[in-house]
Amino acid sequence: MARGEGIRESFLPELDRFYDLLLQAIEFGDPAWLDPLLAEWVQARTQTELEDEEASLPPILNNLLLVTYEITHESLNEKDAMSVMGAVLPMYTHALEYSTRQETQLHIDHISSELEKATNELERLDRSKSDFIAVAAHELKTPLTLIEGYTSMLRETLPGEMKLTPVDLYLKGIDSGSHRLREIVDDMIDVSMIDNDLLSITFQPIWLNRILGVIAQEMADYVQERNQILDIHPFPSSEEMTFGDGERLLQAFRNLFSNSIKYTPDGGKITVDGRLLPGFVEVTITDTGIGIDPEDHQRIFEKFGRLGNVALHSSSKTKFKGGGPGLGLPITKGIIEAHGGAIWVESEGYDEDKCPGSTFHILLPMRKEPPDDRMARLFKPQVEGTS
Ligand code: ADP
């Protein structure tokens, strides 16, 4: 045993146990005698060894086999040595297989527990991000209301001779700035509601063509400013009544339209189309804009998933590449999903020169009745009237 070079002193009693068990295993013809000891050795590996994937049991077992071979050949004649090795080898083979299996399992357990820790940490971070958004939004609301109130009072009480003077212009500036801030704060509140599953959807009769028409009107000036074309094709079912939250769907489609305008260069085109699928309607919004890298197709729907350099963004809602805080798409996704729908994007990639464009797909269930019983009672006459 002294020949086992490299085997630590402290390991010697363990080696005695190993050889005792090996003898028992040979005597009873059952290699499983070694299992408890091997399992103990595998479990004894430290955290650092697991992280560093340090030397495992098989090389130690190989060494032991070598030592056994040498000792038998030195102390026995050729024939006896062969017969001892014939009995020992199957035991070693089993020990190797068993310890490899145990180690693999230990590794898998270790990796799973590390992954679980990382996931928990990520969830904790995401929760604190979400809590921060909710708290910040509510804290911002009070001073913002004051600014809005006083600005409007000042504008209303401004003496006639001061209209169209620099003071009037400054007040307009404060007004439009606080309006934009209000939109951002509202978005922050929406995102935290979606995060906490608190977004409530009020199902009422809606018509998709009307919703798209309202947004087209709202966006007409911006589209004209940017010299773009907005083409809304009438598609099957767009004029049919379905149940949904009109306000929330307006908000979702407004975000998508404003993104298409923002991320499409001047002179580009935005096309809205759709098709009827069994139980669903699929609306597509296609632009001839800068496109989105396939790697980012999921990320853009996460909060603060805005792409590109923050410093290069302007904060306009319709100017070319004028970025916002990256809350629009997560809110849109939250609204669509709260309707039982889905949203995804298709784009060949991001290229500001070639402009490969992007297509956003919005899948919405066609509901002939509201999912909520109370609403169903309320709208029953109307539903019957339309069919
Ligand atoms: P933002 O406030 O930055 O517009 P959004 O959540 O609306 O945030 O969008 C997230 C990111 O997705 C944007 O910053 C932009 O990089 C990308 N994106 C969204 N819509 C489009 C589009 N139609 N074309 C190209 N990129 C887009």
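## Helix crossings, a nonpolar patch and two loops

Where helix 1 crosses helix 5, the crossing is right-handed. This description rests on a predicted model, and the points below take up the helix packing, a nonpolar patch on the surface, and several individual residues in helix 7 and in the loops around strand 2.

**Helix packing**

- Helix 1, which covers residues 12-28, packs with helix 5 at an angle of about 110°, and the axes of the two helices are 10 Å apart. Because angles of 65 to 115 degrees count as roughly perpendicular, helix 1 is described as roughly perpendicular to helix 5.
- Helix 6 (residues 166-195) and helix 9 (residues 328-338) form another packed pair, with an angle of about 45° between them and their axes 9 Å apart. That angle makes helix 6 oblique to helix 9, and the crossing in which helix 6 passes helix 9 is left-handed.

**Nonpolar surface patch**

- Leu146, Tyr150 and Met153 together make a nonpolar patch of about 340 Å² on the surface.
- Leu146, one of the residues of this patch, belongs to helix 5, which runs over residues 78-157. Its relative accessible area is 49%, and since a residue has to be over 50% to be called exposed, Leu146 is classed as partly exposed.

**The end of helix 7 and a contact along the chain**

- Gln224 is placed in helix 7, which spans residues 208-225, and with a relative accessibility of 61% this glutamine counts as exposed.
- The C-alpha atom of Gln224 is separated by 9.3 Å from that of Gly267, although the two residues are 43 residues apart along the chain.

**Loop residues with positive phi**

- Asn227 lies in the loop that links helix 7 to strand 2 (229-232), and its phi is near 55°, which is a positive value in a residue other than glycine. At 58% relative accessibility, Asn227 counts as exposed.
- Ser237 is found in the loop between strand 2 and strand 3 (241-244), and here too phi is positive in a residue other than glycine, with a value near 85°. The relative accessibility of Ser237 is 3%, and because buried means under 20%, this serine counts as buried.
- Taken together, the two loop residues both carry a positive phi, whereas Asn227 is exposed and Ser237 is buried.

Conventions. Residues are numbered from 1 along each chain as its sequence is written. This is a predicted model: local features need pLDDT of at least 70, side-chain atom pairs count only at pLDDT 80 or more; totals for chains, interfaces and linings use all residues. Side-chain values use heavy atoms; hydrogens and water are left out. Patches are made of residues with over 30% relative accessible area and no salt bridge: like charges are joined within 9 Å, nonpolar side chains (Val, Leu, Ile, Met, Phe, Trp, Tyr) within 5 Å. Accessible areas come from the Shrake-Rupley method with a 1.4 Å probe; for residues, only the protein chains shown count as cover. A salt bridge is a side-chain nitrogen of Lys or Arg within 4 Å of a carboxyl oxygen of Asp or Glu. Helices (H or I, at least four residues) and strands (E, at least two) are DSSP runs, numbered from the N terminus. Buried means under 20% relative accessible area, exposed over 50%, partly exposed in between (1.4 Å probe, protein chains only). Axes are lines fitted to C-alpha atoms, for helices over the stretch in contact, and angles run from 0 to 180 degrees between N-to-C directions. Angles under 35 degrees count as roughly parallel, over 145 as roughly antiparallel, 65 to 115 as roughly perpendicular and the rest as oblique. A crossing is left-handed if the near helix is turned anticlockwise from the far one by less than a right angle, and right-handed if clockwise.
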